[in-house]
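Here is a short report on one protein chain. It covers helix packing, the core and a few loop residues.

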Amino acid sequence: MVRRQIMGVKSMNERADLQSRWLRTASDSPPFRVSFEFFPTKTPQATETLFQTIRRLEPLRPAFVSVTYGAGGSTREKTQEIVKRIAKETSLKPASHLTCVAETRENVDAVIRDYWAAGIRQLVALRGDPPGGAGERFVPHPGGYTSSIELVAAIKRIAPFEISVGCYPELHPDATSFEANIEFLKRKVDVGVDRCITQFFYGEDVFLRFLDKARAAGIKVPIVPGIMPIANFKNVCRFAKPAGATVPDWLHKLCDGLDDDPDTLKFVASAVVTEQCLALRRAGIDQFHFYTMNRPELTYGICHMLGIRPEPAVAPAPVAA
Ligand SMILES: Cc1cc2nc3c(=O)[nH]c(=O)nc-3n(C[C@H](O)[C@H](O)[C@H](O)COP(=O)(O)OP(=O)(O)OC[C@H]3O[C@@H](n4cnc5c(N)ncnc54)[C@H](O)[C@@H]3O)c2cc1C
């Protein structure tokens with residue numbers, strides 16, 4: 001919105017007003033909540049790097065952090081290990097992603113019970129991507145849950161977890177229409193979902209249109225924009241189509257060719273994503289979920305631009321002599 005307003009602005013006064021609004025948003029607006037998403041690592045060295053990222057972002061006091069489940073459930077053990085380590089070694093509240101793919105109901109239920117026993121209280125419940133990754137057709141396991149709706153219901157039966165689910169402002173590739181997309185989300189939320197997290201998108205109007213439709217359909221839980229900082233533009237373009245996201249022409253014009261110039265890309269991408277977040281803040285959005293890609297710099301910098309500052313660690317209680 002701001003992008004377009006700037007292009008259409010004529011007078012100096014309007015320009016000055018826009019500029020001061022930008023600055024006010026970051027400094028004066030009431031606090032809001034962020035969450036950070038990580039993916040499970042493959043080597044011990046990568047795991048240590050991931051924990052350095054987590055430690056760097058921890059002082060920003062996210063509401064929760066989540067760890068994804070690899071396509072086809074391929075990272076089950078690693079996801080569990082990282083989620084439990086976050087719970088044990090940091091002050092953060094970890095959420096595990098969980099999918100229905102390539103697992104029996106009994107196995108999925110056992111994972112849910114194990115998390116509850118380990119003190120994990122948040123899950124991100126997803127149908128999941130098939131072993132071949134996004135873009136492949138989902139085929140339920142013969143003894144497994146057949147949809148995210150069934151998975152949410154199973155979690156609710158087992159324990160009172162806080163449940164997040166995915167949603168798709170630009171239509172999931174499996175959706176037959178926008179109406180069917182929203183209708184399916186409403187059915188899922190009605191089973192007992194606490195928040196919906198969107199697929200990444202570029203352009204705040206994409207999110208706000210979706211939000212309006214979801215509210216009109218009676219979906220009342222928070223719908224949290226999924227924010228993808230751009231560290232590698234080619235990768236973002238590659239992820240987009242199978243994920244049901246588009247990379248608009250204006251973003252291509254800004255970022256094409258910058259993958260070989262990472263410093264400039266970082267600068268441009270931060271400006272784009274920060275502007276999107278500020279526009280969403282002005283529209284009243286007060287929660288953001290960052291796809292960190294296991295790197296702290298862009299997420300940390302964008303949070304800083306939004307006015308989020310590190311908070312000192314809580315002092316330990318004095319020990320009686
Ligand atoms: C925040 C977030 C986190 C993610 N994390 C992971 C992860 O950790 N691991 C992973 O493998 N994938 C992950 N994904 C990707 C996700 O698993 C895929 O997009 C998958 O194809 C859909 O799963 P879902 O639960 O989001 O979709 P669902 O909501 O179950 O389905 C997506 C859409 O498809 C249509 N649809 C599906 N089933 C039906 C039906 N029975 N009837 C009618 N319409 C239907 C609806 O339009 C629906 O909105 C994530 C996605 C998001 C947004």
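## Helix packing and core

H5 and H6 lie oblique to each other, because their axes cross at roughly 45°. The model is a predicted one. The two axes come within 10 Å. H5 spans residues 105–117, and H6 spans residues 148–158. The crossing of H5 past H6 is right-handed. On the H5 side, the contact uses Arg105, Val108, Asp109, Ile112, Arg113 and Trp116. On the H6 side, Ala154, Ile155 and Ile158 take part. Sorted by class, this contact holds 6 nonpolar and 3 charged residues, with no polar ones.

A second pair is H11 and H12. These helices cover residues 262–282 and residues 297–305. Their axes also come within 10 Å and cross at roughly 45°. H11 and H12 are therefore oblique to each other. Their crossing is right-handed. H11 brings Lys266, Ala269, Ser270, Val273, Thr274 and Cys277 to the contact. H12 answers with Leu298, Gly301, Ile302 and Met305. The class split here is 6 nonpolar, 3 polar and 1 charged.

Now the chain as a whole. It has 321 residues, and 38% of them count as buried. It contains 12 helices and 8 strands. Take the contacts in the chain with a separation of 6 or more. Of these, 79% join residues 24 or more positions apart.

The largest nonpolar core has 76 residues. Leu123, Ala125 and Cys196 have the most contacts inside it. Among helices and strands, H11 gives the most to this core, with 6 residues. Which residues does Cys196 touch, not counting those up to four places away in sequence? They are Val165, Cys167, Leu185, Val189, Val221, Ile223 and Val224.

Three loop residues deserve a look. The table gives their places and neighbour counts.

| Residue | Loop | C-beta neighbours inside 10 Å |
|---|---|---|
| Ala102 | between E3 (94–99) and H5 | 18 |
| Arg121 | between H5 and E4 (122–126) | 16 |
| Leu171 | between E5 (162–167) and H7 (178–190) | 18 |

Start with Ala102. Most residues other than glycine have a negative phi. Ala102 is not a glycine, yet its phi is positive, at about 55°. Ala102 counts as partly exposed because it has 18 C-beta neighbours inside 10 Å.

Leu171 is another non-glycine residue with a positive phi, here about 85°. Is Leu171 buried or partly exposed? With 18 C-beta neighbours inside 10 Å, Leu171 counts as partly exposed. The cut-off for a buried residue is 20 or more.

Arg121 follows H5 in the chain, in the loop that leads to E4. Arg121 has 16 C-beta neighbours inside 10 Å, so it counts as partly exposed. Leaving out residues up to four places away in sequence, Arg121 touches Phe161 and Glu162. Ser96 lies 25 residues from Arg121 along the chain. The C-alpha atoms of Arg121 and Ser96 are separated by 9.1 Å.

Note on methods: Residues are numbered from 1 along each chain as its sequence is written. This is a predicted model: local features need pLDDT of at least 70, side-chain atom pairs count only at pLDDT 80 or more; totals for chains, interfaces and linings use all residues. Axes are lines fitted to C-alpha atoms, for helices over the stretch in contact, and angles run from 0 to 180 degrees between N-to-C directions. Helices (H or I, at least four residues) and strands (E, at least two) are DSSP runs, numbered from the N terminus. Angles under 35 degrees count as roughly parallel, over 145 as roughly antiparallel, 65 to 115 as roughly perpendicular and the rest as oblique. A crossing is left-handed if the near helix is turned anticlockwise from the far one by less than a right angle, and right-handed if clockwise. Two residues are in contact if their C-beta atoms, placed from the backbone, lie within 7 Å. Ala, Val, Leu, Ile, Met, Phe, Trp, Tyr, Cys and Pro count as nonpolar, Asp, Glu, Lys and Arg as charged, and the others, Gly among them, as polar. A residue is buried if 20 or more other C-beta atoms lie within 10 Å of its own, exposed if 12 or fewer, and partly exposed in between; C-beta atoms are placed from the backbone. A nonpolar core is a set of buried Ala, Val, Leu, Ile, Met, Phe, Trp, Tyr and Cys residues joined through C-beta atoms within 7 Å.
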